[in-house]
Amino acid sequence: MLALPPAPAPARPRQMLVGTALAAGAAAMLVMGQLAAYVSIRKTEGSGLTTEWLPDGVVINEIASNTMLITLLCTSVMAQWAVYAMHRGDRRNAGIALVLTVLFGAAAINAQVFIWSVWGVAFATVYGTLVYTITGTFVALLVAMVLMAGVMAFRSFGGRYSPKDTEGLSATALFVHATTVIFCAVWYVIYVLK
Amino acid sequence: MTMTETRPEHAAPAAAPATTRPEPSGLAGWIMTGDYRRVGRLYVGFSLVFAVALLAVGAVLGFEKIDSSGTQLIDGDAVGQLFSLYRWGLALGVAAPLLLGLAVAIVPMQVGARSIAFPRAAALSLWAWVLGVGVMVGAFADNGGPGGGNSEAVDLFIAALVLVVAALCVGALCVATTVLTLRAPGMTLQRIPMAAWSGFAGSAVVLVSLPVLVGLSILLYADHRYGRVLFGGNLQLGEWIDWALNPTQLYLYAVPALGMLADVTTTASRSRQPLRGVLTGFVGIAAIFAFGASMQLAFSPELRGDFFYIAVTLGSALAVLAVLVVSVGSLAARKPRITAATVFVVLGSFMLFVGQAAGAMTGYERLELVGPTYGSDTAWSLGVFNYVLLGAVLLGMGALCHWGPKLWGRRLPEGAAIGLAVIGFLAVVLVAFPDLVAGLLDQPAYAVDFDVDGPTELLNALSAAGYVLMAVVVVAFGLLMVRGFSRGVPAGDDPWDGQTLEWATSSPPPPGTFDDLPVVTSPEPLFDRKEA
């Protein structure tokens, strides 16, 4: 075995942050692919597959969808607040920010469930299949975000993070930001363009 | 603050070797392993087993095509499903995981990491992939898959497809994260070995392309199971997911092989690669062009005849040709050591290039190789498919000849391996070239019952013989591996006079891979050491 000169200890690699960034990119492509299918099918209006767009009886509650968008923007602010607070050694505020991230995330899920309840369209229709599946996929992403923030809150309360090590919190904040950006696309395509 | 920053080269005292928990022994150790070397080897082993099974399916279909009047060996209704099984299986059950498994096993050593990033996730990706492929085969066996008659089995196929693709994405994420975060001190992105670079490039494009397939498959599943108003029935399933088997997407699965070609030939040349930057650039271009072209087809299949699509696809093929030319050219620099690995990777990458070039021509209108609707492709498409993926399998075998001694500690017999490389090359040509010719005669791609003028009987007989020969080559290579890596000549730590970090550790590497992390000052750290 050839003996190369030993190297000094490396700085702690930021695996979790980089891994989360890659996973967030993959999640974004997943939802964007579905949105592309939505737009592609919507474009065929009147061609036989979709004779009308939107179907009769569809109620899109724009107040709820806008509230959901604002709520998700708040989760981004809260998650970044947690990182900022931990950088300053303020565990108490970091913990509060993470708990608020979880609560805002849960509120966003609640808003989506409300939108489903008033949508007034059956699943077994072209429009229904598309919107329920796309928003359902996004809710799965939201649940993952809430779970991640919850775990980080527990780890934070347990003293896992310090001003010198905020990688987990930064990764969570990145995932929250990505989820918010993805919802911006979902919101624009499903609730604005319709 | 960037994700790709190089760690400080002179920072703290030497690190103590990583402490690793002993793994369970025996079968439990293999099943529960989080060791990247075992995970990579299991990926490779399962891929080769699946390859033999799928080549047998290909052979059966090949024999059915000889007599174009109908089916003799199988039920006529199963023909479409068997073609689907062969295509999905060879792409996501053999070629992509074979190269991913090699990347999992090789990349951490190449970049000087003690382990792969997220080792448990890598193990999860392996077993999820195995489970997914198993369920997919089960779904086909129960009359499922695209065109299947059993609705529940069709649903099962879609669910299995999601599982397989998600598993491969997780594996790709582990490889990409390893390259970005776990490089040895001093190893900038410009200094990483070519196999690690192409592993990263391939993983990155897989991570941005295959999730689209997952998203569409979720839509397909929801529609097929609960409404069937959106995408039609079982027969239309392929319209929305077949882009993942289009030539350009196939190139993405093969991208990791380009760096393996470059590394093997550079090592064989016994000199530094003077055009390293060119190789790095062309591997990236091949990946990006193929990704761009593939995404065009995902939602607009009619673009296949578009000039821009053909140009981008051809650009990707030319990038592969450039990698091939530069790599082979390096062999002429000094007296090279021609190994079995060299023969395998050069012949395999030539097949890859031919497949890519032929794939670029698929949309060329005057050749009339593509019909206006799904399923009306000529046999040309199948020829392209086989050239690319079986070429990638040859490249994978070459990588096993090269890095196998590092992973197992023993060498394969060179003479026998070179013989298999040449026979494997002939087998791929036999499988794929007749299909290209048959495509020009307008023989349909995925049918065994057709009426075409020309010597299709001879062409299909040659193709069927090629499938059998390729299956024999894979079986023989597997047996050679079992014998060579268990009872072969001990390899030593650096059997090929290597240039990159993996050859600085023992064969097989100890837990933690490196006792001491070396400082890297050039792309060829071992060469530096030997010249000093």
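Trainee: Is A:Asp165 buried or exposed?
Mentor: Please bear in mind that this is a predicted model, in which local features need pLDDT of at least 70, side-chain atom pairs count only at pLDDT 80 or more, and totals for chains, interfaces and linings use all residues, while side-chain values use heavy atoms, without hydrogens and water. Residues are numbered from 1 along each chain as its sequence is written, and chains are lettered from A and ligands numbered from 1 in the order in which they are written. Buried means under 20% relative accessible area, exposed over 50% and partly exposed in between (1.4 Å probe, protein chains only). With a relative accessible area of 17%, A:Asp165 is therefore buried.

Trainee: Which side chain meets A:Asp165 in a salt bridge?
Mentor: Side chains of opposite charge can pair when their charged atoms come close. A salt bridge here is a side-chain nitrogen of Lys or Arg within 4 Å of a carboxyl oxygen of Asp or Glu. The partner is partly exposed, at 34% relative accessible area. At 2.9 Å from N to O, the side chain that meets A:Asp165 is that of A:Arg160.

Trainee: How many salt bridges are there over all chains, by this rule?
Mentor: One of them joins B:Asp155 and B:Arg225, at 3.0 Å from N to O. That pair links distant parts of chain B, with B:Asp155 in helix α5 (residues 151-181) and B:Arg225 in helix α6 (residues 194-226), 70 residues apart; helices (H or I, at least four residues) and strands (E, at least two) are DSSP runs, numbered from the N terminus. B:Asp155 is buried at 4% relative accessibility, whereas B:Arg225 is partly exposed at 39%. Over all chains, the count of salt bridges is eight.

Trainee: How many residues apart in sequence are the parts that B:Arg272 and B:Asp528 tie together?
Mentor: B:Arg272 and B:Asp528 form a salt bridge whose closest N and O atoms are 2.8 Å apart. B:Arg272 lies in the loop between α8 (247-269) and α9 (276-299) of chain B, and B:Asp528 in helix α15 (residues 525-531), so the parts they tie together are separated in sequence by 256 residues.

Trainee: Which residue is linked with B:Arg272 and B:Asp528 in a network of salt bridges?
Mentor: B:Arg272 is partly exposed, at 30% relative accessibility. B:Asp528 is partly exposed too, at 22%. The residue linked with them in the network is B:Glu524.

Trainee: How many aromatic pairs are there over all chains?
Mentor: Rings of Phe, Tyr and Trp (its six-membered ring) pair if their centres lie within 6.5 Å; planes under 30 degrees apart count as stacked, over 60 as edge-to-face and the rest as tilted. By this rule the aromatic pairs over all chains number 19.

Trainee: What kind of aromatic pair do A:Trp119 and A:Tyr127 form?
Mentor: A:Trp119 is buried, at 0% relative accessible area, and A:Tyr127 is buried at 1%. Both rings belong to one aromatic cluster, whose members include A:Phe123 and B:Tyr226. With 6.4 Å centre to centre and 80 degrees between the planes, the pair is edge-to-face.

Trainee: Is the pair of B:Trp408 and B:Phe485 stacked or edge-to-face?
Mentor: B:Trp408 is partly exposed at 24% relative accessibility, and B:Phe485 is buried at 7% relative accessible area. The ring centres are 4.5 Å apart and the planes are at 0 degrees, so the pair is stacked.

Trainee: Which residue has its charged end over the ring of B:Trp408?
Mentor: A charge sits over a ring if NZ of Lys or CZ of Arg is within 6 Å of the ring centre and within 35 degrees of the ring normal. Elsewhere in chain B, B:Arg38 lies over the face of B:Trp30, at 4.5 Å from the ring centre. Over B:Trp408, at 5.4 Å from the ring centre, sits the charged end of B:Arg41.

Trainee: What percentage of the residues in chain B is buried?
Mentor: Chain B has 15 helices and zero strands. Its radius of gyration (taken over C-alpha atoms) is 23 Å, close to the 24 Å that the globule rule gives for 532 residues; that rule is 2.2 Å times the number of residues to the power 0.38. Chain B is therefore as compact as a globular protein of that length. Of the 532 residues in chain B, the buried share is 61%.
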